[in-house]
Amino acid sequence: MHRPRAIAMAIAAVGALLAAPAAANAATVTYEAENATITQGAVNSDHAGFTGTGFVNYDNVTGSAVQWSVSVAAAGGTSLGFRFANGTTTARPMTIAVDGTTVATPSFAGTGAWTTWVTTTVTATLAAGTHTVRATATTANGGPNVDSLIVGDSGGGGGAPSASELLSKLTSCSQISSGKYKTDSETSRTIPVCGLSDAVFWKADMDIDCDGQRTSQCNENTDCCFQADTAFHQSDGKPLNAATLPYVVVPSPSSTWDYRKFGIAGAGVVAVIYDNQVTYAVVGDTGPTDIIGEASYATASSLGINPDPSNGGTDSGVTYLFFKNSRVTPIESHANAVSAGEALARQFVNNH
């Protein structure tokens, strides 16, 4: 569902940005898949990039599964991040169940190669104590290769909020754009930009941005409209890597709305919410002046959305929440975006 895009323009320097607070960061614990309970699968180590001693290669059957026992220190929103690789072009959906109750069914879309690992995160509200987390394949293809489960403990109210917690604060819109945006070139203008004291958000679709560094997933052959540059660059001066870095595209400044005047800038922190999942990204590129709702290949993949630039994306159901005056340094550090995003999201929920 990729759309033609105007050439991304470099953005002039903006005012000094405030660093995200660190005091409220959630404690995270990584549980390796090879140490979990495996049903119809095997521990392998033949694809580089895994952590620990290996990863779980699911059998190609419905019902193959990995189950972890995890500990949560305090009740509250808990993030469950599944680090996986899917070297096929077909999604391998799995149900994620906590203590036997399904909380989400991410699609675990293709990542481009068995050595390309990404993380899909779902959230659940858990009581303090021990819980089982089970990832079960729902199709005859089995699951993807799963490396680990990363649990973001709520830590007594300091952890990452769930998707539902964030969405509960975004039920009404105070429009700050002078007009509305299209989701695609052929649609009408229906999407407003909404403002709060500390954030900006919109609810739209997701088109796939594959611009930036050439990779096996993003190049002239995979994307009709590929451009080898992004509006904002890595710390080494290179364009961003859409295949590995979750980033969001903002509309280029226009009479409709100018993001630079509302505390939004390159490397700003964004919570992207879809299907009971939250992924944290950065502002990484600019797009057309009349269209809204676009994010990188890696953003889509982390949310279980088909990331293929030629036919991927989703038509609706995506919320983009931008935290004003925030910045990730360096912009290419997704780990820093996650830690800053979790802290800012918790602060946002607590303040509204």
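These legends walk you through a few close-ups of one predicted protein model.

Residues are numbered from 1 along each chain as its sequence is written. Since this is a prediction, local features need pLDDT of at least 70, side-chain atom pairs count only at pLDDT 80 or more, and totals for chains, interfaces and linings use all residues, while side-chain values use heavy atoms and leave out hydrogens and water.

**View 1. How confident is the predictor?**
The mean pLDDT (the predictor's confidence in each residue, from 0 to 100) is 88 for the protein, with 90% of residues at 70 or more. Residues 1-26 are another story: pLDDT stays under 50 there, and the model has 78 contacts (heavy atoms within 4.5 Å) beyond four places in sequence for this stretch. Where pLDDT is low, don't read the predicted coordinates in detail.

**View 2. A five-stranded open sheet.**
Here the strands (DSSP runs of E, at least two residues, numbered from the N terminus) line up as β2-β5-β10-β7-β8, with antiparallel pairing. At the edges sit β2 (37-39) and β8 (101-104), each pairing on one side only. From one strand to the next, the twist averages 30°; axes are lines fitted to C-alpha atoms, and angles run from 0 to 180 degrees between N-to-C directions.

**View 3. Zooming in on the strand pairs.**
Two strands count as paired if DSSP finds at least two bridges between them. Strand β5 (residues 65-72) and strand β10 (residues 129-137) run antiparallel and share eight bridges. Look for Ser71 opposite Thr130 in β10, and for Trp68 opposite Val133 in β10. β5 also pairs with β2, again antiparallel, over three bridges; Thr37 has Gln67 of β5 as its bridge partner.

**View 4. The largest pocket.**
A pocket is an open set of points on a 1 Å grid over the protein atoms alone, where a 1.4 Å probe fits, with protein on both sides within 12 Å along at least five of seven lines; lining residues have an atom within 4 Å of a point. The largest one has a volume (the space filled by probe spheres set on the points) of about 590 Å³. It has 26 lining residues, and the closest to its centre are Thr119, Thr121, Ile150, His334 and Val338. Helix α3 (helices are DSSP runs of H or I, at least four residues) gives the most to this lining, with five residues.
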